[in-house]
Amino acid sequence: MSATEQAPTEGGLVEVINLTKHFPVKQGVFATGKAVVHAVEDVSLTVRKGETLGIVGESGCGKSTTARLMVRLLAPTSGRIVFEGRDISRLNQRALRPLRREMQIIFQDPYSSLNPRKSVGQIVGEPFTIHRTEKDVRRRVQELLARVGLNPEHYNRYPHEFSGGQRQRIGVARAIALQPKLIVCDEPVSALDVSVQAQILNLLKDLQHDFDLTYVFISHDLSVIRQISDRIAVMYLGRVVELSTSEGLYEHPRHPYTAALLSAVPRHSANGAVERHRIVLSGDVPSPVNPPAACVFHPRCPRFQKGRCDVETPELRRFEGAHEAACHFPVERWPMTEEELRRPFAGSATSV
Amino acid sequence: MAATPGSTSTLLEVRNLTVRFRTRDGVVQAVSDLSFSLRRGDTLGVVGESGSGKSVTSLAVMGLLNRAYADIEGEILFEGRDLLKLSPAELREVRGRDVSMIFQDPFACLHPMYRVGDQIAEAVRAHQDVPKKQAGDRAVELLGAVGIPNAKVRARDYPHQFSGGMRQRAMIAMALVHNPDVLIADEPTTALDVTVQAQILELIDRVKREFDVGVILITHDLGVVAETATHVMVMYAGRSVEQGIASEIFGSAQHPYTWGLLESMPSVERKLDVLVPIEGSPPSLLHPPSGCAFHPRCNYRFEPCSSKLPSLEPIAGGHLDACHLSPERKREVWRTKIAAEIGAPA
């Protein structure tokens, strides 16, 4: 039901349509055929203006690659990327350059994403220099530093003189310098201490409000994603397996993978020794070089039904409340224990 | 938190541990006056952020700190013997055999160029004089015990052929080789995906029961602690600020730093109206603040906090915390503010 070959939906700031990205795998001299990492496979998403779309998933799910494709740090293998109605999938670097003012990215690692040999002032001022937009760069930079909670007088300091949280603020200042429309936040708080994470999340929220920003927020952390996202896409092995409003996802996940993911998150507001029925998946995430056939989740799925799940690829199906999931046996109700999950044909029995 | 007198199940007792590093920039107060105990069957969750001293504590227990630049005071009693007074040879007997450790990064103890099975077999022969074949069999046995499927075949793999979760399991297998009494896990799941994290935490719990050990679990993740720990110690700037039985701490936290951690963490269970961060950053351990190290960031600080160091005191019949606020005030804040915010019972 999700957009296939349609024009962007109303209000869609950026849209990806059947987006696919394969990376070649280096092989030995005697290898035959080409092995490929199926990093992103047939992903279609619309990001509405002003919203925060969260993309959540574990290692190798393709969330970072999708984000980089959206801002054209990578070119797609196939499919389209549409920004403000304009197809940017195949533009060359020169044509992309003016667009880069509109879309920016904040990276996960505050230590490697800032050039250690440039001062903070130079780093945050670089966007102005590249796009030649400002006369009084210094003043603008100092305004930005203040806006993100840094001391403008630290203009001449170097990244190593700042803490992790402060460096991330520098990254934010750089990203908002040209007042972009879209900011992709790629795990921006994952490398930070817990007490500092909250500061950065609050800052991002404030800025979104003040500058009318649209965010694509990538994280593996379900608590963080819940806090900041309006809508959430769950990815697994390069595919979107579930798409929903934030509340809808946590209230009733439809895809068994989402259910397991939610269930695996340790709870810190545990009420004493509440017995929690965790759904523990067996095995590890398979390699994206050799994704499983049909439903990519089927080898680990507690609801796996032979003959269906390993044969027929599930399409994204629509549920009520703007909720989509790609599963032949979506989760009927929530919460469910692992035992209950394993029996998709059990009638609506009275709850235990 | 201290074991009852005469208890035979206390494995480890740390008393007034202080660790100072002599560096070019001055003396770093990594750990100050730390005391705790661990019994068989306990899982002690040590919670703290960067610079809290939690990792240094575990290194001190394992005898892995270089005394050339680390000054260590206090006592670390393992089954009655003070580990700090042992000779290097005696310490080598204890380390790996009686007290064992796993790390966040499996490559800290898995050599990338040797087969996994061989490395575990090497660990066997470090403390036991057994033939290679027997050590190899034991390695396979342990890999199976920690849930590696097809252990005999996988033992011949190199670490890079294992996934992150499997490497972590291999590291746990290596730590169990000599049936240790104490297992220290330093951020064992931080680098893992959450579904794998769940598996590893279950494994550590199962290991604790099957091998009858005491576990020290070091983490910054309060969620992990809430789910798996029997006891909790919250560390800040090298000191314990709150410690006790886990259900009590999560049922009624007393220290403003613990409150801050609980309030600033987003929850997967509900969207909080507002995340209340702890302003500022963890302090420098070269020049720690005067009085209570947390006071510059504390919303509840008052007159004595900047000059007088609070001592770790028990509240009536409950856990310990180091804060000048009165017990009534602490209870009041918990009940009226914190518990409501995080959805815990008041």
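This passage walks through a sheet, a few paired strands and some unusual backbone spots in a predicted model.

Chain B is a good place to start. Here an open sheet is built from 8 strands, and its order reads 6-7-8-3-9-10-12-11, with mixed pairing. The two edges of this sheet are strand 6 (99-102) and strand 11 (313-314) of chain B, each of which pairs on one side only. As a bit of background, the strands of a sheet pair through backbone hydrogen bonds, and they can do so in a parallel or an antiparallel way.

Further in along that order, strand 3 (residues 43-47) of chain B pairs with strand 9 (residues 231-236) of chain B. The pairing is parallel and takes in 4 bridges. To pick out one spot, look at V47(B): standing opposite this residue in strand 9 of chain B is V234(B). Back at the strand 6 edge, a helix joins the picture. Helix 6 (residues 164-176) of chain B lies across strand 6 and strand 7 (182-186) of chain B, and the helix runs at about 170° to strand 6 of chain B.

Now for chain A, where strand 6 covers residues 103-106. From this strand, M103(A) and I105(A) point one way, while Q104(A) and I106(A) point the other way. Buried or exposed, then, on each of the two faces? All of these residues are buried. Strand 6 of chain A runs parallel to strand 7 (residues 182-186) of chain A, and 4 bridges join the two. One residue from the list above comes back here: M103(A) has L182(A) as its bridge partner in strand 7 of chain A.

A few backbone oddities round things off. Most residues other than glycine have a negative phi, and most peptide bonds are trans. Against that background, L237(A) has a positive phi, near 45°, and is not a glycine. Where does L237(A) sit? The residue is in the loop between strand 9 (231-236) and strand 10 (239-245) of chain A. L237(A) counts as buried because it has 24 C-beta neighbours inside 10 Å, and the cut-off for buried is 20 or more.

Over in chain B, N16(B) also isn't a glycine, yet its phi is positive at about 50°. N16(B) belongs to strand 1 (residues 10-23) of chain B. This residue has 11 C-beta neighbours inside 10 Å, so N16(B) counts as exposed; the limit for that label is 12 or fewer.

Finally, the peptide bond between W334(A) and P335(A) is cis, with omega at about 5°. P335(A) is found in the loop between strand 12 (323-325) and helix 10 (338-341) of chain A.

Terms used
Residues numbered from 1 in each chain as written. Chains lettered and ligands numbered in written order. Predicted model: local features only at pLDDT ≥ 70, side-chain atom pairs only at ≥ 80, totals over all residues. Pairing = 2+ DSSP bridges. Contact = placed C-beta atoms within 7 Å. Axes fitted to C-alpha atoms, helices over the stretch in contact; angles between N-to-C directions.
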